[in-house]
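Please look through the sequence and the structure shown here before reading on. The report that follows takes up a sheet, its surroundings, two residues and their contacts, a pocket and some backbone details.

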Amino acid sequence: MINFTVGPVQADDSIRRIGGEQVPYFRTPEFSAVMKENERMFLDLLHAPEGSRAVFITGSGTASMEASIMNVLCEDDRAVVVDGGSFGRRFCELCELYSVDFERISPEFGRALTDDDLKPFEGARGFTAFVVNIHETSTGVLYDLDLISDFCRRNGLLLVVDAISSFLADPLDMGAAGIDVVIAGSQKALACPPGISLIALSPRALARVAAHPSKCMYLDLRSALANGDRGQTPFTPAVGVLLQINQRLREIEERGGVEAEITRTGLLAGDFRRRLAGLPFEITSESLSNAVTPLHPTTAGAKDVVETLKTDYGIWVTPSGGELAQTLLRVGHIGALTVDDNRTLIDALVDMRSRDLI
């Protein structure tokens, strides 16, 4: 199978080999050194401001979304939340769960965020935070980080960014953009198995974590940070995945760093989109991430296209759920993919057209 989904994605041989090894005991100086190195490399790739910290949560990206809302915000906050799809809506649900007052921005499907969306929230009104999935993976829309950053600076807002599908695929400079919280995941462009989500915290976010009482034992970031001081986690982590993350971060550093990785992903995305010309698909996002191309098949149901690619051609692409199941599919460009893989997918789509399947 060739995996063009947006996660879990294809991994390099070096990552898969580690997955086949015996998992070591982790309460050791050796594992602590790995974890300290993981934190340093992750923060370096984000261009995190001095004094930032990172924690590694054994759980999906949603676990770190929840940990961020629960530990960084509180009932005294008032947040602006971008609800442009299923993942933005999840942030709204988390704010409701933890009694964080919020108002939502709800861009139309496929539409970018604009100044007009932000104007109603300009000025006073007591807002303290801005929460966004910078790449709304469910619709394939990448929001304008510069626009959001400028808005937050003007209004003195804490900025929480879910970059789970954007980290290593699109430019993101935590320090330059004034981001206080960045969330990432092991199974996206890090191209490791699922099981670990990562949170980077600026000094301002760290102060909030220190000031807020914990509401959960497992997702208590104060405990995670205290254990991180010694290169450990409060509870048994996904040890094997953390070792794979270490290998992957080292490889990214050796291959030119975050900029080189973003360039590679961008070239793959551009190559696929050029090859798509002439086939019966519409790109539905007006603001694309390098990570994924959202496609509306104009002559067939999206769910049927996904199933045929899987069963007849050995290719996975990402389906959509709910009301989008028959109208939208998504082709990922992250992980260990190549231009040859793009050719294989396009050849399959051409063949499907010759068989009147699209």
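## Strands S12 and S14

In this predicted model, strands S12 and S14 run antiparallel and are joined by 4 bridges. One place to see this pairing is Leu-295, which stands opposite Leu-329 in S14. Leu-295 also has a link to S11, since in S12 it is the bridge partner of Ile-283, and S11 and S12 pair with each other in the antiparallel sense over 3 bridges.

Put together, these pairings give an open sheet of 3 strands in the order S11-S12-S14, with antiparallel pairing. The edge strands are S11 and S14, the latter covering residues 329-332, and each of these two pairs on one side only. From one strand to the next, the twist averages 40°.

## What covers the sheet

Two helices are found against these strands. Helix H11, made of residues 257-275, lies across S11, S12 and S14 and runs at about 20° to S12. Helix H12, made of residues 302-313, packs on the sheet as well, where it touches S11, S12 and S14, and its direction makes about 45° with that of S14.

In a regular strand the side chains alternate between the two faces of the sheet. Which residues of S14 lie on its two sides, and are they buried or exposed? Leu-329 and Val-331 are on one side of S14 while Arg-330 and Gly-332 are on the other, and all of them are buried, so that both faces of the strand are covered.

## Thr-293 within strand S12

Thr-293 lies in strand S12, and because its relative accessibility is 0%, under the limit of 20%, it counts as buried. Its side chain takes part in polar contacts with two side chains: one of 2.8 Å joins Thr-293 to Arg-273, and another of 2.7 Å joins Thr-293 to His-333.

Leaving aside residues up to four places away in sequence, Thr-293 touches Phe-272, Arg-273, Ile-283, Leu-329, Arg-330, Val-331 and His-333. Several of these names have appeared above: Ile-283 is the bridge partner of Leu-295, and Leu-329, Arg-330 and Val-331 are among the buried residues of S14.

## Ser-289 in the loop before S12

Where is Ser-289 placed? Ser-289 is found in the loop between strand S11 (281-283) and strand S12 (292-297). Although Ser-289 is in a loop, its relative accessible area is 0%, and because this is under 20% the residue is buried.

When residues up to four places away in sequence are not counted, Ser-289 touches His-135, Gly-140, Leu-142, Asp-170 and Arg-273. With Asp-170 there is also a polar contact of 2.6 Å, made between the two side chains. Arg-273, for its part, is touched by Ser-289 and is also on the list of residues that Thr-293 touches. As for Phe-130, which is 159 residues apart from Ser-289 along the chain, the C-alpha atoms of these two residues are separated by 20 Å.

## The largest pocket

The largest pocket has a volume of about 320 Å³. Its lining is made of 20 residues, of which Val-6, Phe-87, Thr-137, Gln-187 and Lys-188 are the closest to its centre.

Which helices each supply at least two residues of this lining? Helix H3 (61-72) and helix H4 (86-97) both do, and H3 gives the most to the lining, with 3 residues.

## Backbone details in loops

Three loops hold backbone details that can be looked up by residue number. The peptide bond from Gly-7 to Pro-8 is cis, with omega near -5°, and Pro-8 is placed in the loop between strand S1 (2-3) and helix H1 (13-19).

Leu-168, found in the loop between strand S8 (158-162) and helix H7 (174-177), has phi near 75°, which is a positive value in a residue other than glycine. Ala-191, in the loop between strand S9 (181-185) and strand S10 (196-201), likewise has a positive phi, near 60°, and is not glycine. Leu-168 counts as buried because its relative accessibility is 1%, and Ala-191 is buried with a relative accessible area of 4%.

Notes. Residues are numbered from 1 along each chain as its sequence is written. This is a predicted model: local features need pLDDT of at least 70, side-chain atom pairs count only at pLDDT 80 or more; totals for chains, interfaces and linings use all residues. Side-chain values use heavy atoms; hydrogens and water are left out. Buried means under 20% relative accessible area, exposed over 50%, partly exposed in between (1.4 Å probe, protein chains only). Contact means heavy atoms within 4.5 Å. A polar contact is a pair of N or O atoms within 3.5 Å; within protein, one must be able to donate a hydrogen and the other to accept it, and residues adjacent in sequence count only if both atoms are side-chain atoms. Two strands pair if DSSP finds at least two bridges between them. Axes are lines fitted to C-alpha atoms, for helices over the stretch in contact, and angles run from 0 to 180 degrees between N-to-C directions. On a 1 Å grid over the protein atoms alone, a cavity is a set of points where a 1.4 Å probe fits but cannot get out, and a pocket is an open set with protein on both sides within 12 Å along at least five of seven lines; lining residues have an atom within 4 Å of a point. Grid points are joined across faces, edges and corners, and a volume is the space filled by probe spheres set on the points.
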